[in-house]
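Q: Got a minute to go through this one with me? I'd like to start with the pockets.

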Amino acid sequence: MPSDARPPLALTLAAIGGLLFLHLPIVLIFLYAFTTEDRSYQFPPPGLTGKWFAVAWNREDIWPPLWLSLRVAAISSGLALVLGTLCAAAMARARFFGRDAISLLVVLPIALPGIITGMSLRSAFAIGDIPFSTFTIVLGHATFCVVIVYNNAVARFRRLGASMLEASADLGANSFQTFRHVILPNLGSALLAGGMLAFALSFDEVIVTTFTAGQQSTLPIWMLNELVRPRQRPVTNVVAIVVFAATFLPILAAYTLTRGAEETAGGGK
């Protein structure tokens with residue numbers, strides 16, 4: 001088919017239908033954040049108002065879960081950047097027996113269902129007599145955040161030819177100088193993209209958090225509880241907009257940073 005030929009009508013309609021199926025529910029969340037009805041989802045909404053944003057701002061029960069989610073996402077992302085980069089460096093540069101098996105074990109947590117990961121961690125915490133805290137949530141989120149960073153970093157390491165490192169050594173650079181002036185600039189965008197993707201996935205994680213949080217409540221858990229016991233439904237939609245922005249913007253930035261690069265920009269959980 002010529003590059004300037006128009007696609008068949010059926011294919012165009014199928015693509016439009018797929019996009020609507022994926023994104024129309026998000027549009028409805030935005031719409032019902034402005035409804036005047038506080039308990040039901042009438043369509044069309046009986047009226048529109050912006051008062052729920054002020055109500056959400058003044059709800060004291062929202063802020064602790066929000067700060068906890070931000071803290072957990074930041075710590076998990078930082079931990080993932082360190083561990084994921086070290087794993088990627090070892091897998092891409094070293095040759096040893098069992099390397100492929102270890103590489104599979106590193107990426108396995110992203111493929112496991114979240115409920116399996118959550119149950120495993122909860123059992124481990126119970127055996128180790130580890131009380132639930134921010135630390136246990138971070139450990140749970142790090143299981144998949146490390147994979148996100150690893151996928152980005154290992155792809156970039158493989159594109160970084162050994163000749164560049166050899167040339168740096170030939171020019172008299174030591175290991176730290178090679179890392180500072182050669183490796184880090186080439187890894188920078190991949191690590192930043194991986195860190196932002198990890199932050200976004202950690203911020204809105206629910207299943208693993210349910211098993212590792214104990215009595216604590218992150219923002220997604222708070223939203224889930226509010227949906228089960230509805231009180232001022234539009235407030236939940238306002239908070240959903242905040243979560244959407246906190247996850248969409250890092251993902252958009254990560255996509256922009258890695259666009260056109262021959263690498264894997266992470267995966268979903």
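A: Sure. A pocket here is an open set of points on a 1 Å grid, with protein on both sides within 12 Å along at least five of seven lines, and lining residues have an atom within 4 Å of a point. Keep in mind that this is a predicted model.

Q: OK, which residues lie nearest the centre of the largest pocket?

A: Ile-29, Asp-204, Met-223, Ala-240 and Val-243, out of 13 lining residues.

Q: And how much space lies in there?

A: About 260 Å³ for the largest pocket.

Q: Which elements give two or more residues to that lining?

A: Helices α1, α10 (219–228) and α11 do.

Q: What does the lining of the largest pocket look like by class?

A: It has 11 nonpolar residues, one polar and one charged.

Q: What about the second largest pocket, how much space lies there?

A: About 150 Å³. Its lining has 10 nonpolar residues, with no polar and no charged ones.

Q: Which residues line the second largest pocket?

A: From α2, α3 and α11, each of which gives two or more residues, and beyond, the list runs: Phe-53, Ala-56, Trp-57, Ile-62, Trp-63, Leu-66, Leu-219, Val-238, Val-239 and Val-242.

Q: Switching to rings. How many aromatic pairs does the count come to?

A: Six aromatic pairs. One of them is Phe-30 with Phe-244: the ring centres are 5.5 Å apart and the planes sit at 90°, so that pair is edge-to-face.

Q: Where do those two sit in the chain?

A: Phe-30 is in helix α1 (residues 9–32) and Phe-244 in helix α11 (residues 233–258), so the pair links distant parts of the chain, 214 residues apart. Ring pairs also bring in Phe-248, which makes a cluster with Phe-30 and Phe-244.

Q: Are Phe-30 and Phe-244 buried or exposed?

A: In between. Phe-30 counts as partly exposed at 30% relative accessibility, and Phe-244 is also partly exposed, at 30%.

Q: What about Phe-34 and Phe-53, how is that pair arranged?

A: Tilted, because the planes are at 45°, with the ring centres 5.1 Å apart. Phe-34 lies in the loop between α1 and α2 (51–58) while Phe-53 is in helix α2, so the pair ties together parts that are 19 residues apart in sequence. Phe-34 is partly exposed at 33% relative accessibility, and Phe-53 is partly exposed with a relative accessible area of 33%. Phe-53 also turns up in the lining of the second largest pocket.

Q: Which residue lies over the face of Trp-52?

A: Lys-51, at 4.5 Å from the ring centre.

Q: On to the nonpolar cores. Which residues touch the most other members in the largest one?

A: Ala-88, Tyr-150, Val-154 and Phe-157, in a core of 19 residues. Helices α3 (63–93), α6 (134–159) and α8 (175–203) each supply at least two residues, and α6 gives the most, with nine.

Q: What lies apart from that core?

A: Another core, of 17 residues, with Ile-62, Trp-222, Val-235 and Val-238 among them. Ile-62 and Val-238 also line the second largest pocket.

Q: Last thing, the backbone. What is phi of Asp-129 near?

A: Near 55°, a positive value in a residue other than glycine. Asp-129 lies in the loop between α5 (114–127) and α6.

Q: Is Asp-129 buried or exposed?

A: Exposed, with a relative accessible area of 67%.

Methods: Residues numbered from 1 in each chain as written. Predicted model: local features only at pLDDT ≥ 70, side-chain atom pairs only at ≥ 80, totals over all residues. Heavy atoms only, no water. Phe/Tyr/Trp six-rings, centres within 6.5 Å; stacked < 30°, edge-to-face > 60°. Helix = DSSP H or I, 4+ residues; strand = E, 2+ residues; numbered from the N terminus. Buried < 20%, exposed > 50% of the residue type's maximum accessible area, 1.4 Å probe, protein only. Lys NZ or Arg CZ within 6 Å of the ring centre and 35° of its normal. Core = buried A, V, L, I, M, F, W, Y, C linked by side-chain atoms within 4.5 Å. 1 Å grid on protein atoms, 1.4 Å probe; cavity = no way out; pocket = protein on both sides within 12 Å on 5 of 7 lines; lining within 4 Å. Points joined across faces, edges and corners; volume = space filled by probe spheres on them. Nonpolar A, V, L, I, M, F, W, Y, C, P; charged D, E, K, R; others polar.
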